[in-house]
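Here is my note on the model you sent over, set out as numbered points. I hope it helps as you look around the structure.

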Amino acid sequence: MTAEEMKNYRVSDYRRILQKGDISPRELVKIFLERCSQWEPFINAFLHLDAERVLRQAEEMEKFPPADEELPQLFGIPVAVKDNICVSGIPTTCGSHILENYVSPYEATVVQRLRRAGAIIFGKTNLDQFAMGSSTESSVFGATRNPLDLSRVPGGSSGGSAAAVASLEVPLAIGSDTGGSVRQPAAFCGVVGVRPTYGRVSRYGVVSFASSLDQVGPLSRFVSDAALLAQVLSGEDPLDSTCAPYPPFSTSDIPSYEETRKMRLGIPREYFSSGVDRSISEEVASAVEKLAKEGFDVIEISLPHTDFALEAYYLVALAEASSNLARFDGVLYGKRAQGVKTLMEMYHRTRIEGFGNEVKRRIMLGTYALSSGYYDEFYLKGMKVRTLVRQDFEKAYEACDILLTPSSPCFPFKLGEKISDPYQMYLTDILTVPSAMAGLPSLSLNCANRDGLPVGLQVIAGPFREDRMFGLALFLEELLSVEPPIPAVPDVKEGDDE
Amino acid sequence: MAHLSRLEFTEQELETFFRDLNNILVHFEKLDTLDLSNVSPTSHITWTSPPVNPDQPVEWGREEEVMRAAPKVEDRYFIVPKIVDKQEG
Amino acid sequence: MNNLKITIGLEVHCQLSTRAKMFCRCGTDYIGKGPNSLTCPVCLGLPGSLPVLNQRVLDLALQLALALGCRILPKVVFHRKNYFYPDLPKGYQVSQYDYPIGVNGSIDYALQGQRKSVRIKRVHVEEDAGKLVHEGMALMPDQSGVDFNRSGIPLAEIVTEPDIRSPEEARECLMMFRSLVRYLEVSDGNMEEGSLRCDANISLSRNPGEMGVKVEVKNMNSFRSVYRALSFEVERQKVLLHEGKEISQETRHWDEIKHVTVSSRGKEEAEDYRYFPDPDLLPFSIDEASLMNIREKLPELPLERKERFMLEYELTESEAGVLVSSKMLADFFEECLKELNKPKTVCNWITTEVLRNLKNLGKNINQSEITPKAFTELLRMIEKKEISGTIAKSVLEEMFTSGMNAREVISKRGISFISSEKELENIVVDVIENNPQSVADYLGGKQKAFNFLVGQVMRQTRGQASPEMVKNVLYKQLSAGG
């Protein structure tokens, strides 16, 4: 079997063939390893991919065949992990110099949950340095390219995870979403990307960018797989105080189509403004129309502070980041600058050599936002606007059950196109930031292809209403029947000319 | 600000940096148009009271791994350049 | 020059007595442990690690704040205090800022019979940093070493208003802090081991209506050095004022060897700590029910107890002061009174002999083998004149070292407290009369029979006679009879 032949396989299909013994876990991972060897030279989605290690895990699976028992939920399924999430025994670099050779002595809770569910930890995927970026170009290990068009970025910061799923190097991946870092790359690569409710998934072992916003989420080719992955990842964790002590999300809570049809859909007009590419607005609007034809109640609503969310987001996120990244000082771990004589020199040189420009820029901005005399003007203001953004959503959910918006204001752009203009880069998060600020579960799925480029549609639900979010996303997926991408392996020439 | 963040820049870097920073900072002025006087800040997204630890020690037991990988360790101490002003602890 | 107004405020840090650290499960018992052996991803600040609050920290801090009469804030928020230092693994310290545990309390203490009060500005909790080592066998001269065993140990910080008027008052007030934390069992309050630390602000002013320039004094590691350092500062500032010179606002360190305060070099610009709410730690709300619960369980506090002892047991202030200096000692005293209601006697023996023995052994009363029952038994024997006071002292000493009770010590040592042989004679005669066969055996040359008779006498006296004396009297009687 080849990966192409499995392009429409869901996790349930892999389980079926594994359970029947049509294929062994080792044979299955070999197919994906083969796919990686074809695609990696072109897209650079993985920072760490150790075939031996992957095969060893698959072998372990074979050693303990749970005979007639039902297989664990992700038995034998390769899952790629963003490289800011700690996995034992292999590096966690965050795409940076400072952690270039860093191996975490402990493992993230989410990775342990994946292992417990029988998943094969396939490798570590590329990202913008410390998850700070929207294009996966700022990794010191080179940019990741969009498998749908190698001249374009895959989005970011979880661009490696999105590209790996879109090229079917792996069926599933996880990323982290602070202001859109799962959903925006999912939109750019035509796959499904989910940001769960803040507090739904443990952050323990996920290198913090902005603690009050970071959340780990699944990327997959199908909505049902993302839901399954969300179920595996979610649930309380005694090691993370921000993780809510609620029962995990369960796919069995997802409403039926009948029930889903009763949901009132809110369409926030601010998300269709002039800042959004016309073709994208049109495609999303047409998807909404199809839903209306299916009998859904569609309500136009307003989230009046949407326009301010981006600025407020950057104030809050960067303030937290400036403090979260203070620990990278070369004392305990990571790369200390060579030949330093004094303490001050150690700090300055280690950090200047260890961080890329965008990271430094964000640390500086965040430090500024928190410094005495500017705290009220910047950080405090950011937090207050965050309140207004939350209140907008709270009000909206009085009138409707779920919101539909575009995921990204633009199509995947060319490599290098925005890297020199930080603010233009920040703007690509404009539609994913507000729900992150409010801590709400949001999902992006591909609703159309325009000239070969995907259009992401975002589904935003109320807190802990992943059930509704997935319910509507499943409905839409079936209704729109836009197939997940299966790009042809480029010939060598195409890869060369960049 | 660079010193507070323990970062260091050359003149030229600083120039580009400040240009970029200023370009970003001007956008934050947008927030000045909002009346925020009666708005309370959201510092955390909280859904419930947070979990706590019991007061029972548990040994981690893997500190050797941290020391093995550290930039500089002698006799189980993490080594840094001498701190000149030792009073400022 | 005598009407200078001295104003002192204290900033006291005490290590809270928890078994695990503040935000992780590492143990806090770092004394004698190898460097960095009590560490984990959280207290080392490894990437991706997150803090979870130890519930006990909150409980202990609330007890302390309530005992200080503070108003408890309805929610507890942790802030990050950002600065770079090698002993600070995260680049920030988790502390508190605008939502401390409690505010507006007070602490009372007595000096020369006069009750004084110092207002408490705030009580908050924070995590300790690691320890820096500047000299050591393995260290090159241009290196420092860091040990993170202490990193993340919970501290309570108590800040007073500048209500203290002299170095004596400062020392006394600090000693009251120590008694208080020990009474509450929230901290062991040991200054030498660093579990109680104190910084002070001091200013002198000619004009009682206004404050002088504030000087911060640090590095005072004992009650004596607090007194000495502040006395030195008073003199130093007096001279400066007298000479018409300016006092500069600065931080000075007490030099324990040279007995002077020294201005800290550099760091003149105030560090900008960029406090902000720690996004990794959600705020805790404090409900009235759990507060009530803690309030009800608060023990009688040292000053109240001292005053009660003076009134109820007619002790002097200094006697009562010594007894209440430790809760265990005061509890021991009151336990003893239940056995023997002679407060003055019990007090005298505790404040002299008991304390002397404890000091020699380096133990506190609860660690020692002495129980109130055993101790009062000894006192009762003195009262009945069964033993002399001098012998009692040496018996007590052995009770401390051996863990035996008074009677055991006495019989072991052969000290008789059936002090007259006369008293014993009756018993001996009794035994002889009741055991004619043994007497006959003994007289027939069987030594074993003598031992049996000794045993019989001992049993009759219930061990209250010394075997030597018993043998003596028995021998005499048997010889007389024969």
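**Notes on the model**

1. Let's begin with a single pairing in chain A: in strand 9 of chain A, L403(A) is the bridge partner of G266(A). Please keep in mind throughout that this is a predicted model. The wider pairing here joins strand 7 (residues 264-268) of chain A to strand 9 of chain A, in the parallel sense and over two bridges.

2. Strand 9 of chain A has a second partner to look at. With strand 11 (residues 453-461) of chain A, strand 9 of chain A pairs in the antiparallel sense, this time over five bridges. Within strand 11 of chain A, V459(A) stands opposite L404(A).

3. Is strand 9 of chain A mostly covered or mostly open? Mostly covered: five of the five residues in strand 9 (residues 402-406) of chain A are buried. I402(A), L404(A) and P406(A) point one way from the strand, L403(A) and T405(A) point the other way, and all of them are buried.

4. Now for the nonpolar interior. The largest nonpolar core has 255 residues, and V79(A), A61(C) and L64(C) are the members that touch the most others. Helix 10 (residues 306-324) of chain A gives this core its largest share, twelve residues. Another core lies apart from it, with 30 residues that include A320(C), I350(C), F375(C) and I410(C). As general background, nonpolar side chains in soluble globular proteins tend to be buried together.

5. L64(C) is worth a click in your viewer. Which residues does L64(C) contact, leaving aside neighbours within four places in sequence? They are V123(C), A156(C), V181(C), L184(C) and V186(C).

6. Chain C also has an open sheet of three strands, in the order 5-4-15, with antiparallel pairing. Strand 5 (92-95) and strand 15 (276-277) of chain C stand at the edges with a single partner strand each, so one side of each has no neighbour in the sheet. Strand 4 (residues 79-82) of chain C runs antiparallel to strand 5 of chain C, and four bridges join them. One place to see this is R80(C), which stands opposite V94(C) in strand 5 of chain C.

7. Chain B deserves a point of its own. Its secondary structure comes to two helices and two strands, which follow the pattern α-α-β-β along the sequence. The radius of gyration of chain B is 23 Å, well over the 12 Å given by the globule rule for 89 residues, so chain B is more spread out than a compact globule. Its C-alpha atoms fill a box of roughly 55 × 50 × 30 Å along the principal axes. Of the 89 residues of chain B, 19% count as buried.

8. What does chain B bring to its contact with chain A? Here 39 residues of chain B are in contact with 52 residues of chain A. Helix 1 (11-28), helix 2 (63-69) and strand 2 (77-81) of chain B each supply at least two residues to the chain B side. Helix 1 of chain B gives the largest share of that side, seven residues. By class, the side of chain B that touches chain A has 25 nonpolar, eight polar and six charged residues.

9. Chain C meets chain A too, in a contact that takes 26 residues from chain C and 33 residues from chain A. On the side of chain C that touches chain A, 17 residues are nonpolar, four are polar and five are charged.

10. The domain assignment of chain A gives domain 1 (4-267 + 406-496) and domain 2 (306-385). Their C-alpha centres lie 27 Å apart, and the contact between them takes 27 residues from domain 1 and 24 residues from domain 2. On the domain 1 side, helix 14 (422-427) and helix 15 (433-437) of chain A are the elements that give two or more residues. The largest share, three residues, comes from helix 15 of chain A. That side divides into 15 nonpolar, ten polar and two charged residues.

11. Last, a look at one charged residue. E353(A) is found in helix 11 (residues 343-354) of chain A, and it counts as partly exposed, with 15 C-beta neighbours inside 10 Å. Not counting residues up to four places away in sequence, E353(A) touches H97(A) and A337(A). E353(A) and R336(A) are 17 residues apart in sequence, and their C-alpha atoms are 8.9 Å apart in space.

Definitions and conventions
Residues numbered from 1 in each chain as written. Chains lettered and ligands numbered in written order. Predicted model: local features only at pLDDT ≥ 70, side-chain atom pairs only at ≥ 80, totals over all residues. Core = buried A, V, L, I, M, F, W, Y, C linked by C-beta atoms within 7 Å. Buried ≥ 20, exposed ≤ 12 C-beta atoms within 10 Å, placed from the backbone. Contact = placed C-beta atoms within 7 Å. Pairing = 2+ DSSP bridges. Rg over C-alpha atoms; globule rule 2.2 N^0.38 Å. Nonpolar A, V, L, I, M, F, W, Y, C, P; charged D, E, K, R; others polar. Domains from an automatic or database assignment.
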